[in-house]
Every structure is written in C-alpha cells, then in structure tokens.
Amino acid sequence: MVENHTRVGLLALFPPEADMDTSRRRLEEAGIRQEQITLLSPIPLAAPNTEAHPPFWPYGITIAAGLVGIGIGLFFSAGTAALYPLVTGGKPIVAAPVVGIISYETMMLMAVVVTFVTMILRIRRARDLTVEREARIDDGRLALSVRDIHHDQEATVRKIMEQAGALDIRSVSADLPLLEGQPSAHVVGMLALCCLAMAGCSQDMQEQQSYQSQEAPRLHSPSGSIPRDSRTVISRETLAADRMSDRAKELFRINCLPCHGESGEGTGPVAPYLKQLPANLRAPRVRALSSTEIYDIITQGKDMMPSFLGELSADERMVLASFVESMKPYSLPSQR
Amino acid sequence: MKQGSVGWNDMPAINRDLLAPLSPGGRGYVLLVVLLAAIVSAGAGAWIYQIETGIGQTNLHPPIFWSAYIASFVYWIGVSHSGTFISGVLRLSKAEWRRPITRIAELMTIISVVIATLFVFYHLGRSWRWYYLIPYPNQREIWPDFRSPLMWDATAVLTYATASTIYLYLPLIPDFALARDRIGGWRRPIYAALSLGWQGSQQQWQALNTAIRIITPLIVMVMISVHSIVGYDFGMSLVPGWHTSIIAPYFVVGAVHSGLGMVAIGLYLVRRTYRLESYIRLEHFDKLGKLMVAMTLTLAYFYFSDQLTVWYGKVPDHMAILHSLMSGTFAVPQWTMITLIYVLPLITLTIPAFRHWPLGMMVIGLCINVGMYIERMLILVPPLAHPRLSYNWSDYFPSWVELTIMAGSFALAVLLYVLAVKFVPIISIWEEKEGHLHGRESH
C-alpha cells in the first residue's frame with residue numbers, strides 16, 4: 001500500500017436528471033476502468049424486471065440449496081427411522097407423504113436462507129470501502145464515485161464530472177477505515193458452534209449425580225435415612241402405611257407401569273420398543289436394593305430410565321421407592 | 001436512462017414524513033405501552049400459575065383435549081398470513097398499490113407468528129420439555145415421530161418464521177441505512193449494523209432486487225403450506241367434522257380472510273396516528289376492500305360445500321355436530337360468527353362508497369377478526385365435544401387462566417407492534433419513492 005498517497009478517489013453529487021450514461025462513457029474514454037466507477041442512488045435505477053437476461057447463477061444457488069434441503073428433510077424424516085427403529089402395528093414406519101411434507105418444508109427453509117445469505121454476502125462485497133455513504137442521495141440525488149485514480153487523472157475526471165453537472169465534488173482518501181458497528185462473522189460462527197455442541201448434550205446434566213473438584217465422592221445415602229428436601233417429615237410408620245395405598249399404586253401406574261409393567265417384571269407396553277429392557281423389579285438384584293437406593297434411582301434415573309426429579313415431588317418418589325421395595329415377595333422391614 | 005426530476009423532488013418530503021413516526025412517542029404513547037405491559041404481565045402471571053399448579057388449570061377434560069390455546073394458535077398463524085399474502089402475492093402480481101401497505105402487514109406477520117408459537121408452549125403440559133420436539137441425538141434415545149402432523153407443524157412454523165423474518169428484513173436494508181444517516185442516539189449503531197454497510201450502489205440494488213425476486217414466490221408457497229399443515233393437524237384425524245379433504249384450503253383462505261381484516265385495522269390506525277393520509281390513500285382501502293370481498297366469497301363457498309356435503313350425507317356422527325352448531329349448544333356463537341365473517345363484510349364491502357370509508361373498513365376488519373376467532377373455537381370444540389360414543393359428550397368454556405393468558409398474548413402482540421413502529425419505518429421508504437417515480441413517469 002505504498003502507492004496509496006499517489007492515488008485518490010473522487011465523489012460527486014448530481015441532480016437526478018444528470019445523464020450518467022454519457023459521463024460513464026466519457027470516463028471510460030479517459031482511461032478509467034468500469035470497476036473503479038460506482039453509481040449510488042436512492043432507488044434502484046434499472047426498473048425491476050427490465051434486464052434482458054438476468055443472470056442464472058442466483059437461481060442456481062437457490063435451486064442447489066433447495067436440493068440440499070430435500071436431503072436434510074429425507075434424513076430427518078426417513079433416515080433417522082433407520083437409526084432409531086420403531087415398529088408399530090406391523091405398518092411401515094416411513095410414510096411417503098410425511099417424507100414429502102417434511103422435505104418440502106426443509107427445502108423451502110434452505111432455499112430461502114441460503115439465498116438470503118448469498119445476497120448479504122453480495123451486498124457486503126459490493127461495498128466501496130473508499131467511499132463513505134453519501135447521505136444526501138436520499139433526498140433525490142445521484143452520486144458517482146470514482147476511486148483509485150492517479151493524481152494526473154484527477155483533473156480530467158473532475159472536469160468530466162463538472163461538465164455532467166455535478167453539484168459538489170469532494171476527494172476521498174483511499175484508505176478510510178471500515179464502517180463501524182459490524183459484528184464479526186467469527187463471533188457469530190463460534191456462538192453457533194457452541195449452541196450446536198450444547199444441543200447434543202443432555203439438558204439434564206445438571207440434575208445428574210456429580211461432585212465438585214476437591215469434594216469427596218458422595219456415597220449413597222445410608223439406608224434408613226429420610227430425604228431432606230422434602231417439606232414434610234415422613235416417618236417410617238406412615239411410609240409403611242402408604243406402601244400399599246391407592247396413592248402408591250396410582251403413582252406407579254402412571255409413571256412406571258409403561259416400562260416396568262403392572263407387576264413390575266419389566267414387561268410394560270413400551271418395553272419392546274426400548275433399546276435396553278427395563279429391569280425386573282422382582283429380580284434378586286433389585287430386591288437387594290434398599291428403599292433409599294431405589295429413591296436415588298427414581299430421582300437420578302439410570303441409563304435408559306429417565307430421571308423423575310422434575311416430575312415427582314420428594315414425597316411421591318419416597319412413596320414409590322417404598323412401594324417398589326415392598327414388591328419383594330418376602331417383605332422384610334428394611335435391612336438393618 | 002430516462003429521468004425527469006418529477007418524483008425525485010418529493011424525496012425530502014417522503015423522508016421527513018415516513019421517518020417522523022420513529023421519533024420518541026408522547027405521553028399517550030407511554031401510557032399505552034404501560035397499559036399493554038400491565039395486561040401482558042397479567043397473562044404472564046397466569047402462565048406461571050398454570051406451570052406451577054399444572055395444566056389442570058385449563059378447562060380441558062376428556063374428551064375435549066384441545067381448545068382455547070390451540071384455537072388461538074390457529075388464529076394467530078392465520079393472522080400472520082396478512083403480511084405474506086399482501087406483500088407476497090401483490091409483489092408477485094406487481095400491484096402498485098401494495099407499496100405503502102407491505103411493511104405494515106409484514107410486521108404483523110412476524111409478531112403474530114411469535115404469538116402463535118407462544119400458544120404452543122402454553123398448551124404443553126410440561127413446557128420445559130419442549131426440546132423433545134427437536135431431532136438431535138440424545139441420551140433418551142428417542143426420536144420425534146415425524147408421522148405426527150404436530151411435527152409437520154413444528155417444521156413448517158420454523159420455516160415460516162425464518163422465511164418471513166428474512167422477507168421483512170430484505171426490503172428494510174436500504175431503509176435502515178437511511179435511518180442510520182438521519183437518526184442519532186442509541187439506535188444509530190443498531191441501524192448501522194442492520195444496514196450491512198448499505199451504500200446504494202447499483203450492484204447492491206441489483207443483489208437486493210434479485211433476492212426479493214427469488215424469495216417472493218418461495219414465501220407465498222411456504223405461506224400456503226403452513227396453514228395447510230395447520231389444517232392437517234385436524235384433517236388427518238378421524239374426528240367427524242375435522243376429517244374432510246377441504247380443510248387445508250379452507251384454513252388457508254380463512255387465514256387470509258382474518259389477515260386482510262387485520263391489515264385494514266392496521267392501515268387505519270397507522271394512518272390516523274401518524275397522519276399518513278397522503279401515503280395511505282382511500283384508493284388503498286378500496287383495493288383492500290375488493291380483495292376482502294373476494295376472500296369472503298371464497299371462504300363462504302368452501303364452508304357451504306363442506307357443510308352441504310355433511311348435511312346431505314346424514315351420517316349420524318357428523319349430523320350431531322352440525323345440529324349442535326345450527327340449533328344446539330353452539331348455535332349462538334355459530335350464528336354470530338356467520339354474521340361477522342360472511343354477512344356483514346358482504347353487505348358493506350360491496351358498496352364502493354363504504355370501501356372509501358377508512359373507519360368503516362377498520363370496523364369490518366375488527367368484525368372479521370372477532371368472527372374468525374370464534375370460528376377457530378368452533379372448529380375445535382364442537383367436534384371434540386361430540387365423540388362417536390355419545391355417553392362421552394361434553395361441553396367447554398375457557399377457564400379464567402386460559403382467558404387471562406389469551407388476553408395477555410393479545411396485548412403482547414399489540415405491544416410488540418407499538419414498539420416496533422418506533423424502530424422500523426412503517427412504510428417502506430425506498431419502495432414508496434420508487435412508486436412515486438414510476439407512477440409519474442409511466443402515466
């Protein structure tokens with residue numbers, strides 16, 4: 001950029017009736033290249049739809065984006081059915097009309113968004129950084145910017161502009177700073193990446209068992225202890241009474257039965273569709289668990305089993321734990 | 001390049017008039033904002049209460065599991081068709097009279113899509129589990145079921161919201177640049193960022209016009225698909241009264257009907273408040289009125305064909321619903337609805353002098369919208385209240401929680417609009433200039 005100071009730019013303001021085509025031609029005759037000339041106007045000068053042959057490539061981009069969109073739609077509505085198979089009533093799980101509808105929407109989404117982004121990039125690219133925006137054009141003026149011209153050409157250009165009826169000519173230095181207030185594309189990109197990465201993780205992470213650095217590993221609560229974030233104090237006696245109550249059965253029926261089945265043997269109606277079979281609550285392994293441990297499992301969830309922390313109150317979880325414990329064929333009053 | 005100075009000389013005046021609404025509002029404005037904010041907080045309070053105490057706060061009960069919230073969702077998605085229809089279809093058909101109307105309508109589109117989406121969240125029993133709708137690999141190992149029309153809805157509304165935001169934003173770029181140059185204060189950096197360094201060079205204009213030209217037909221197609229899919233939410237079920245093939249076009253036309261009504265209201269209010277009589281002229285109300293007549297007739301035709309088929313078929317399950325509408329439990333809202341959306345518009349809007357009366361147009365717009373809200377409720381509730389097994393028949397009226405949330409959401413829509421008017425030039429300035437120029441030159 002050593003030669004910057006030998007090169008200058010000129011910006012002239014014209015009344016709307018000025019004949020810009022002629023001045024353009026004359027500038028070219030004076031040795032100015034097309035790409036050095038920019039015509040600024042408050043409205044598009046070429047009336048819309050008068051171009052003889054509008055270029056095809058913008059349409060090409062839109063069409064290509066639409067095709068990609070169809071691919072995305074296919075992936076989501078059909079492809080994932082292969083990744084996460086669900087067999088329902090012997091019917092094909094991938095319904096063609098559905099794939100069509102979803103692909104139509106994703107096609108439109110991609111087509112519109114990509115066209116928009118392309119246009120933004122074009123507008124940004126077409127910016128003439130050596131010219132500050134000429135605010136006066138919005139009052140019904142035209143502006144002609146000729147940039148990057150040699151000192152010896154300046155006089156000629158000035159003369160041509162004056163002859164064309166310029167109202168005001170000013171010179172602009174070639175290395176004006178960028179317009180301020182532009183958010184960096186990198187920042188936006190990084191944020192988008194972070195969002196994407198976060199979306200892949202479990203939202204429930206914060207609710208899972210964890211311990212902080214320097215903190216001793218937490219053990220299961222000692223058996224026989226009562227959870228402390230329950231507002232009511234639950235005595236063992238009331239629990240024993242509650243154990244077979246209608247409330248416990250109802251809670252089990254609503255929250256657990258779909259997976260674990262009526263009798264708790266892990267044969268609920270949705271069990272066949274799960275990747276991991278629900279535990280048989282009457283199996284010896286579960287029978288070895290204390291009600292506190294069961295309470296923990298209900299609260300935190302385990303593998304495929306969801307956490308019920310947000311869904312059930314501490315009381316309800318406690319009642320359920322006790323209920324599951326009581327499922328044991330030989331119901332001893334807790335190990336101790 | 002033939003250019004006279006006629007039309008160009010209007011530009012300073014156009015800038016002044018159309019930027020004027022952006023100046024800070026007076027006492028009345030602040031009062032209105034405070035009032036609306038109060039209603040919005042009441043609605044928000046009701047929603048928090050509903051989240052805390054459970055979805056049982058609504059009057060939903062078997063067999064009526066969809067009602068006020070879903071009806072409002074349908075209604076607001078419908079209103080959002082104002083912008084896309086007016087500016088999309090009219091831009092495609094190169095109707096000159098669209099120029100001062102498009103922005104007013106497009107703003108309505110965005111805001112009502114937002115409000116509609118809110119209603120989906122109100123309706124979710126456990127709103128905090130909404131992200132189950134998003135398909136991404138997750139520890140639940142569960143994938144959303146794309147065969148459910150509700151998933152089509154989610155996809156379509158996402159596409160629609162994105163596309164219509166883009167569609168609002170595109171023609172705004174030059175106007176943001178203008179505002180950046182002329183309006184100072186805290187808004188300037190925002191305008192500067194939003195105007196993307198717009199200078200008005202011919203390459204930029206060409207890029208912008210190409211994008212608008214490509215996106216306009218797309219947005220019209222998206223618009224039609226969105227409300228069709230909302231219609232499929234009902235049509236794909238076997239519920240008598242819903243399961244009809246005309247439901248999708250019927251929904252689309254109904255949406256445009258309420259959208260046009262809303263535009264009439266908006267035009268009247270914007271014109272009165274900001275004294276824009278010389279931009280929004282009687283001619284515009286006239287053209288809008290004619291469009292409304294066409295929509296009323298189309299909608300009435302669809303409705304008639306549908307009901308006639310039901311009536312002639314005499315299938316008992318279907319007749320139960322028809323009877324409850326025509327002379328039973330729902331007769332009063334039904335006939336109110338018919339008067340508001342068919343009879344009144346047809347009587348008034350067919351008279352040319354009426355179409356030149358802005359206040360009258362606004363009132364008819366209001367009638368149509370009240371009527372369409374009732375209509376949405378009547379599509380949902382009567383069929384659900386009359387399931388095939390009649391021991392299960394039931395009745396429904398919204399609870400206070402539902403009513404408060406609905407009122408709050410309505411206030412939120414108005415509030416957002418009132419705030420947006422202070423930030424976005426409510427009439428597309430450069431398009432208006434272009435209109436002045438072409439209008440004068442070609443005739």
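Where in chain B is the place of Lys94(B)? Good morning, colleagues. Lys94(B) is in the loop between helix 4 and helix 5, the latter covering residues 102–123 of chain B. Please bear in mind throughout that this is a predicted model.

Allow me to begin with chain A. Chain A contains eleven helices and four strands. Its length is 336 residues, and 38% of them count as buried. Among the contacts in chain A with a separation of 6 or more, 70% are accounted for by residues 24 or more positions apart. The chain exposes about 19,400 Å², of which 61% is supplied by carbon and sulfur atoms.

I turn now to chain B, and to helix 4. This helix runs over residues 81–92 and has twelve residues. From first C-alpha to last it reaches 15 Å, close to the 16 Å expected at 1.5 Å a residue. Is helix 4 of chain B mostly covered or mostly open? It is mostly covered, with ten of its twelve residues buried. Those buried residues include His81(B), Phe85(B), Ile86(B), Leu90(B) and Arg91(B). Small residues are on the list as well, among them Gly83(B) and Gly88(B).

Just after helix 4 we return to Lys94(B), which takes a positive phi of about 50 degrees. Lys94(B) has this positive phi although it is not a glycine. Because its relative accessible area is 52%, and exposed means over 50%, Lys94(B) counts as exposed.

A second residue invites comparison. Leu196(B) also is not a glycine, and it has a positive phi of about 55 degrees. The place of Leu196(B) is the loop between helix 8, residues 187–194, and helix 9 of chain B. Is Leu196(B) buried or exposed? At 11% relative accessibility, Leu196(B) counts as buried, whereas Lys94(B) is exposed.

One further backbone feature belongs here. Pro62(B) and Pro63(B) are joined by a cis peptide bond, with omega at about 0 degrees. Pro63(B) is found in the loop between helix 2 (27–53) and helix 3 (68–79) of chain B.

Next, helix 9 of chain B, residues 202–235, where Ser225(B) lies. Ser225(B) has 10% relative accessibility and therefore counts as buried. What does the side chain of Ser225(B) reach? It reaches the backbone oxygen of Val222(B), at 2.8 Å. Leaving aside neighbours within four places in sequence, Ser225(B) is in contact with Tyr104(A) and Glu105(A). Those two partners are residues of chain A.

Let us move to the surface. Phe304(B), Leu308(B), Trp311(B) and Tyr312(B) make a nonpolar surface patch of about 500 Å². One of these, Leu308(B), lies in helix 11 of chain B, which covers residues 282–313. With a relative accessibility of 38%, Leu308(B) counts as partly exposed.

The final topic is charge pairing. Side chains of opposite charge can pair when their charged atoms come close. How many salt bridges does a search of the whole structure find? The search finds 22 over all chains.

Consider Arg103(B) and Asp175(B), which form a salt bridge whose closest N and O atoms are 3.3 Å apart. Arg103(B) lies in helix 5 of chain B and Asp175(B) in helix 7, residues 172–182, so the pair ties together parts that are 72 residues apart in sequence. Both Arg103(B) and Asp175(B) are buried.

A second pair is made by Arg180(B) and Asp181(B), whose side chains meet in a salt bridge at 3.4 Å, N to O. Here Arg180(B) counts as buried at 6% relative accessibility, while Asp181(B), with a relative accessible area of 27%, is partly exposed.

A third pair is Glu277(B) with Arg275(B), where the closest N and O atoms are 2.9 Å apart. Glu277(B) is partly exposed, its relative accessible area being 30%. Arg275(B) counts as exposed, at 54% relative accessibility.

Elsewhere, salt bridges that share partners join Arg91(B), Arg98(B), Glu106(B) and Glu431(B) into one network. Arg91(B) has already appeared in this talk, as one of the buried residues of helix 4.

To close, I return to the opening question: Lys94(B) has its place in the loop between helix 4 and helix 5 of chain B, and its phi is positive, at about 50 degrees. Thank you for your attention.

Note on methods:
Residues numbered from 1 in each chain as written. Chains lettered and ligands numbered in written order. Predicted model: local features only at pLDDT ≥ 70, side-chain atom pairs only at ≥ 80, totals over all residues. Heavy atoms only, no water. Helix = DSSP H or I, 4+ residues; strand = E, 2+ residues; numbered from the N terminus. Buried < 20%, exposed > 50% of the residue type's maximum accessible area, 1.4 Å probe, protein only. Contact = heavy atoms within 4.5 Å. Areas by Shrake-Rupley, 256 points an atom, 1.4 Å probe, with all protein chains shown as cover. Expected span 1.5 Å × (residues − 1). Polar contact = N/O pair within 3.5 Å; in protein donor to acceptor, adjacent residues only side chain to side chain. Patch = residues over 30% accessible without salt bridge, like charges linked within 9 Å, V, L, I, M, F, W, Y side chains within 5 Å. Salt bridge = Lys/Arg side-chain N within 4 Å of Asp/Glu carboxyl O.
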